[in-house]
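I opened a fresh page for this one. My plan is to jot down whatever I look up, one entry at a time.

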Amino acid sequence: MKENKRKNCIYLDHAASTPVSGTVLEAMLPFLTDFQTNPHGSCYSARYALDAVKKARKQVAELIGSEPSGVFFTSGGTESDNLAVLGIARKAFENREKKAGKRLDKKDFRIVTSAIEHPAVLNAAKQLENEGFDVVYADVDSEGLINENDFEKLLTKKTLLVSIMTANNETGTIEPVGRLSALAREAGALFHTDAVQAAGSIPFSVKETGADAVSLSAHKLNGPKGVGALYLKNPAIVEPLMFGGGQEKGIRPGTLNVPGIVGFGKACEEAAERLENGGASRLAGLRDRFLDGILEAVPEAHLNGSKDKRLPGNINISFPGCDSSTLLVMLDAAGICASGGSACSSISGRKSHVLTALGLDDKVINGALRLTLGHETTEEETKKCIGELARIADNYRKMGILRAL
Ligand code: PLP
């Protein structure tokens with residue numbers, strides 16, 4: 001099978017989605033053709049499919065250093081986040097009521113999350129707020145990092161759940177989740193982390209993180225779209241959101257997406273191998289040379305997020321005074337695919353809540369570009385992009401639009 005290479009564009013939007021690798025596709029195909037049976041059926045083909053799901057569960061578990069029994073397949077990162085945030089908070093509240101032996105008021109019970117979470121967490125937290133819970137949002141500093149002292153002040157004895165992402169999808173900032181989860185545990189709260197952007201990109205271990213729940217998504221690590229997982233240290237902490245045939249131990253019922261799960265497993269295995277072979281530092285090196293090249297060609301540009309605590313493939317950079325949607329159209333016309341804020345904020349059309357939380361000036365927020373590299377990105381591609389950005393910036397400079405802060 002041919003290697004999966006994008007032929008028509010320089011693809012710099014890996015934070016939005018990554019290409020399915022040829023080997024992942026190859027692993028998936030038999031489960032769309034020869035072994036398409038429901039894996040919970042009783043024929044040979046079903047048993048073969050169920051074995052493949054078992055293998056995939058192990059591959060996912062190995063990437064995050066967990067037991068396979070802690071991995072529950074879902075339809076993706078959004079579902080995993082919803083299941084964690086809603087399911088854990090509701091169950092923890094129910095347990096507190098049982099312990100108290102009486103009805104309690106939800107407004108006395110707290111959920112802590114952050115201002116920079118993905119909408120899959122933020123909107124689930126909003127739902128909990130609508131149900132009556134006390135939801136509070138940890139602030140971040142100008143690099144997008146959560147301040148541990150401020151965070152600790154938000155924790156009370158009545159905090160049920162803390163949900164803080166491992167790495168941000170817009171700025172790539174890597175949060176100190178190990179320490180935040182330890183603080184949450186000390187306060188008696190459960191800890192969930194959205195590791196959708198981090199897993200496969202940087203080393204990630206559920207044990208080191210100390211998380212009770214971790215969300216993952218296949219399409220961010222060269223797997224297919226529409227499949228993900230929720231890791232649970234103890235499945236009893238979650239109340240399911242769906243009810244059905246009892247698959248995934250009733251945590252997430254529904255016929256398993258076998259081809260997707262098999263592809264997810266293979267993608268995790270390949271991501272683990274890349275990490276083992278120094279893939280993260282290779283990518284960070286390419287990213288740093290790319291960033292230096294942009295800053296040399298466009299000295300007015302402003303890097304958003306942390307310089308050091310950042311995902312290896314992420315550059316979030318602003319051209320102050322410019323409009324990011326126009327920049328994207330110009331890049332697209334030059335055959336370069338990038339994004340402004342996240343793929344999700346381009347759907348909602350709203351100003352990035354992440355860059356707003358960093359306290360950046362509107363001129364910076366509106367001129368932000370997210371250029372995200374993948375392991376198949378080449379030096380030549382980044383050089384071409386630097387050339388295009390230099391040309392675009394030159395025109396904006398001549399018009400007096402692009403200005404240093
Ligand atoms: N969480 C983060 C940090 C993400 O970047 C994304 C996708 O952009 C999601 C959750 C949602 O994942 P999915 O697209 O698999 O639903």
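**Entry 1, the domain interface.** I looked up the area buried between domain 1 and domain 2 and got about 2,000 Å², with carbon and sulfur atoms giving 57% of that. Buried area here is the accessible area (1.4 Å probe) that two parts lose on being put together, summed over both. E170, T171 and R274 supply 36% of what domain 1 buries against domain 2, more than any other three residues.

**Entry 2, ground rules.** I note that this is a predicted model, where local features need pLDDT of at least 70 and side-chain atom pairs count only at pLDDT 80 or more, while totals for chains, interfaces and linings use all residues. Residues are numbered from 1 along each chain as its sequence is written, and side-chain values use heavy atoms, with hydrogens and water left out.

**Entry 3, the two domains.** I found domain 1 at 26-274 and domain 2 at 278-398; these bounds come from an automatic or database domain assignment. Their centres, taken over C-alpha atoms, are 29 Å apart.

**Entry 4, polar links.** I counted 13 residue pairs in polar contact between domain 1 and domain 2, both residues at pLDDT 80 or more. A polar contact is a pair of N or O atoms within 3.5 Å; within protein, one must be able to donate a hydrogen and the other to accept it, and residues adjacent in sequence count only if both atoms are side-chain atoms.

**Entry 5, the ligand.** Which residues come nearest to the ligand? Of the 13 around it (a heavy atom within 4 Å), they are T78, D194, Q197, S217 and K220. I see a polar side-chain atom of T78 at 2.6 Å from a ligand oxygen, and one of H118 at 3.4 Å from a ligand oxygen.
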